[in-house]
Amino acid sequence: MLDIRFSSALKAMLFLAVAAEDEPSTLSSTYLATGLGTNPSLIRKLLVPLLHAGLVESVKGRGGGTKLARPAEEITLAEIYRCSVGDKPVWACRPDGEVASCEVTANAAEYFTRLMTETEQAMLDVLERRTLADSVTELRQLGRETVCSGEH
């Protein structure tokens with residue numbers, strides 16, 4: 001089963017980054033849930049690790065909701081990824097079979113661990129170079145490309 005926690009958290013953070021450009025900058029869990037096509041309780045669960053990491057803050061009372069705790073320029077996609085996925089590896093090695101004397105079976109777990117570590121580090125390096133603000137800019141550029149290509 002594919003893990004959609006990162007893409008969901010990133011999309012919620014993108015909504016919050018766009019909202020931060022305007023007043024008021026807080027969005028309700030109902031608003032975010034509508035944008036993500038899910039329910040508000042799932043959004044609240046999704047936001048908890050982001051709140052604990054200081055990426056978002058909760059505003060209580062009338063007109064309350066969630067907003068970015070730091071400027072979008074200071075939040076990397078790697079931070080969002082780590083918060084949303086935690087220590088879950090990119091993939092898991094298939095459990096070893098019964099033939100431990102087989103060269104493949106005897107070494108597969110270590111091989112996959114090393115490969116997963118290298119892959120995850122490469123992915124985190126890419127995510128570390130991108131900020132939430134960069135992502136908003138990129139989304140807007142994609143929107144302009146879509147509009148322009150639709151006019152032809």
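Two rings of Phe, Tyr or Trp are taken as a pair if their centres lie within 6.5 Å, and planes over 60 degrees apart make such a pair edge-to-face. By this criterion the model, which is a predicted one, holds 3 aromatic pairs. One of them brings together Phe-6 and Tyr-81, whose ring centres are 5.3 Å apart; their planes stand at 75 degrees, so the pair is edge-to-face. A look at the sequence makes this pair a nice one to inspect, since distant parts of the chain are linked by it: Phe-6 belongs to helix H1, while Tyr-81 lies 75 residues away in helix H4 (residues 77–85).

Helix H1 has a second partner to consider. H1 (residues 5–19) packs against helix H2 (residues 29–36) with the axes 10 Å apart and an angle of about 120 degrees between them. At that angle H1 is oblique to H2, because values of 65 to 115 degrees would count as roughly perpendicular and those over 145 as roughly antiparallel. The crossing of H1 past H2 is right-handed. On the H1 side, Ser-8, Lys-11, Ala-12, Phe-15 and Leu-16 make the contact, and H2 supplies Tyr-31, Leu-32, Gly-35 and Leu-36. By character, the residues of this contact comprise 6 nonpolar, 2 polar and 1 charged.

H2 also packs against helix H3 (residues 40–52), here with axes 8 Å apart and at an angle of about 100 degrees. This angle makes H2 roughly perpendicular to H3. Ser-29, Thr-30, Leu-32, Ala-33 and Leu-36 of H2 meet Pro-40, Ile-43, Arg-44, Leu-46 and Leu-47 of H3. The residues of the H2 and H3 contact are 7 nonpolar, 2 polar and 1 charged. Leu-32 and Leu-36 of H2 are thus listed in the contact with H1 and also in the contact with H3.

The strands complete the picture. Strand S1 (residues 56–59) and strand S2 (residues 65–68) run antiparallel and are joined by 4 bridges. Among the partners, Glu-57 is matched with Lys-67 of S2, and Val-59 with Gly-65 of S2. Together S1 and S2 form a hairpin with 5 residues between the strands, and in its turn Gly-61 adopts a positive phi of about 90 degrees.

Definitions and conventions:
Residues are numbered from 1 along each chain as its sequence is written. This is a predicted model: local features need pLDDT of at least 70, side-chain atom pairs count only at pLDDT 80 or more; totals for chains, interfaces and linings use all residues. Side-chain values use heavy atoms; hydrogens and water are left out. Axes are lines fitted to C-alpha atoms, for helices over the stretch in contact, and angles run from 0 to 180 degrees between N-to-C directions. Helices (H or I, at least four residues) and strands (E, at least two) are DSSP runs, numbered from the N terminus. Angles under 35 degrees count as roughly parallel, over 145 as roughly antiparallel, 65 to 115 as roughly perpendicular and the rest as oblique. A crossing is left-handed if the near helix is turned anticlockwise from the far one by less than a right angle, and right-handed if clockwise. Contact means heavy atoms within 4.5 Å. Ala, Val, Leu, Ile, Met, Phe, Trp, Tyr, Cys and Pro count as nonpolar, Asp, Glu, Lys and Arg as charged, and the others, Gly among them, as polar. Two strands pair if DSSP finds at least two bridges between them. Rings of Phe, Tyr and Trp (its six-membered ring) pair if their centres lie within 6.5 Å; planes under 30 degrees apart count as stacked, over 60 as edge-to-face and the rest as tilted.
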